[in-house]
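Visitor: I would like to learn how to read a few local features in a structure. Could we take them one at a time?

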Amino acid sequence: MPVQAPHAVVLIRPHRFTPNPETAADNAFQVAAHGDPVALAEAAYQEVTRAAEVLEAAGITVHLFDDEDATRPDSVFPNNWFSTHAGGRVALYPMYAASRRTERRPDIIEMLKEQYRVQDVIDYSGLEYDDIFLEGTGAMVLDHVSRIAYAARSRRADPVVLERFCTAFGYEPMAFDAADADGTPIYHTNVLMCIAADFVLIGLDMITDPHRRQVVAQRLSGRRGTRPVINLSPRQIHDFAGNAIELEGHDGERFLALSTRAAATLTAEQRAIIERTCTLLPLDVPTIELAGGSVRCMVAGIHLDARLPLPEGVGPAGLEPTTTAV
C-alpha cells in the first residue's frame with residue numbers, strides 16, 4: 001500500500017456545523033459566522049457530501065460518517081483525534097478544547113478494526129486531565145517515508161506527548177516555532193505544510209528562527225536534496241494552500257486534495273511542480289473553512305492494510321487488537 005499517500009479516508013458529515021467559539025482564541029484562520037445557522041449547517045453538510053463524491057470518483061475509498069450532535073461543532077475535522085499507521089497501529093489524541101473531546105467515536109474505531117488490520121490502539125486522551133495536548137495530524141505533519149514528525153509549537157502540540165508519540169511510533173520529532181505576520185503562533189502545523197511523496201508545500205518564511213528554518217528545509221528536501229520544497233507565501237498559507245493532502249486512487253494515480261480557494265492561490269510554477277506527479281483535486285468547502293481548517297483538516301487518512309476475505313472454511317486467528325491507555 002502507499003506509504004505517504006493513503007488510498008482510503010474517513011470523512012465526517014456534520015448536521016449542526018458552526019465555527020467553534022471555544023477554539024477562536026488561538027485559531028487566526030477562523031472567521032465568526034453570521035446569518036442563519038440552519039443555512040450554514042446545511043451548506044457544510046452539502047460541502048462534505050460533494051467532497052466525498054469527488055474523492056470517490058477519483059478512485060479513493062471514502063468512509064463517510066454522519067454527526068448530528070449539536071455539541072460537536074468541529075466534528076468535521078476528524079484528523080485531530082485519531083491517526084492510523086502502517087503495521088496496524090492507531091493513535092487517539094488528547095484535545096485542547098473540551099467541546100472537541102466527545103468527537104472521539106468508538107464506531108469509527110470499530111469500523112477500522114472490522115475492515116482493516118488493526119493490531120494496537122494507543123490512547124493518549126487521558127493526558128487531557130494533565131492539560132497536555134497533541135491534536136493528531138493537525139498538530140503534526142508526518143513524513144511516513146523519512147519517519148519525521150514536524151510540529152509547530154503551540155498549546156495544541158505539547159512537546160512531552162510529542163516525544164512520547166514519536167518514541168512509540170518510530171518518528172523523529174522536528175519541532176519549531178511558527179507565526180503569522182502579526183506574530184500570532186500557527187495553531188496547527190497542517191495549515192503550514194503538506195508533505196507529498198515527491199514534493200512539499202510549506203510556508204517556510206513563517207518559521208521564526210532562521211537556523212531552524214534552514215534545517216527544516218534541508219530535512220524536507222530529502223537525504224539527496226532532490227525533493228522540491230515549494231515555499232508558500234503567508235497569503236497562500238492564509239488561503240489554506242498548505243492545508244492539502246496527497247491521496248492515491250485505485251489505479252495508482254496520485255491526487256493533491258485541497259480547497260478551490262487554495263488551488264486558486266498557486267502560481268503557474270508551483271502548479272507545474274505539483275502536476276509532475278499529482279493531479280490537483282480542488283474541493284469547494286468555503287463554509288467549512290470559516291471554522292479555521294480546510295481539506296487536510298477534514299480528511300483522516302487510513303494507512304492500514306485492508307482485510308481480505310478469508311478462504312472458505314478458514315476462520316480468523318482469534319486475536320483481538322489491544323488498546324493501550326497512556
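Guide: Two strands pair if DSSP finds at least two bridges between them. Keep in mind that this is a predicted model.

Visitor: What is the order of the strands in the open sheet, and what is the pairing?

Guide: The order is β12-β13-β14, an open sheet of 3 strands with mixed pairing. β12 (245-248) and β14 (279-283) each have a single partner strand and stand at the edges, so one side of each has no neighbour in the sheet. On average, neighbouring strands here are turned by 35 degrees against each other, direction ignored.

Visitor: In which sense do β12 and β13 pair, and over how many bridges?

Guide: β12 pairs with β13 (residues 254-259) in the antiparallel sense, over 4 bridges. To follow one of the partners, start at E246: its bridge partner in β13 is L256.

Visitor: Which helix lies across β12, β13 and β14?

Guide: That is α1 (residues 37-57), which runs at about 160 degrees to β14.

Visitor: Now loops. Is N80 buried or exposed?

Guide: A residue counts as buried under 20% relative accessible area. N80 has 2%, so N80 is buried. N80 sits in the loop between β2 (61-67) and β3 (82-85). With neighbours within four places in sequence left aside, the contacts of N80 are Y93, M95, R100, L134, E135, G136, G138 and H188.

Visitor: What should I note about the backbone of R147 and F240?

Guide: Look at the sign of phi. R147 is not a glycine, yet its phi is positive, at about 60 degrees. F240, also a residue other than glycine, has a positive phi near 70 degrees.

Visitor: Where do R147 and F240 lie, and is each of them buried or partly exposed?

Guide: R147 is in the loop between β6 (141-143) and β7 (148-152), and is partly exposed with a relative accessible area of 30%. F240 is in the loop between α6 (234-238) and β12; with a relative accessible area of 1%, F240 is buried.

Visitor: Last, pockets. How much space lies in the second largest pocket, and which residues are closest to its centre?

Guide: The second largest pocket holds about 310 Å³ of space. It is lined by 14 residues, and S146, S221, G222, R223 and R227 are the closest to its centre.

Visitor: How do the residues of that lining divide?

Guide: The lining of the second largest pocket has 6 charged, 5 polar and 3 nonpolar residues. In this count Gly is among the polar residues.

Note on methods. Residues numbered from 1 in each chain as written. Predicted model: local features only at pLDDT ≥ 70, side-chain atom pairs only at ≥ 80, totals over all residues. Heavy atoms only, no water. Helix = DSSP H or I, 4+ residues; strand = E, 2+ residues; numbered from the N terminus. Axes fitted to C-alpha atoms, helices over the stretch in contact; angles between N-to-C directions. Contact = heavy atoms within 4.5 Å. Buried < 20%, exposed > 50% of the residue type's maximum accessible area, 1.4 Å probe, protein only. 1 Å grid on protein atoms, 1.4 Å probe; cavity = no way out; pocket = protein on both sides within 12 Å on 5 of 7 lines; lining within 4 Å. Points joined across faces, edges and corners; volume = space filled by probe spheres on them.
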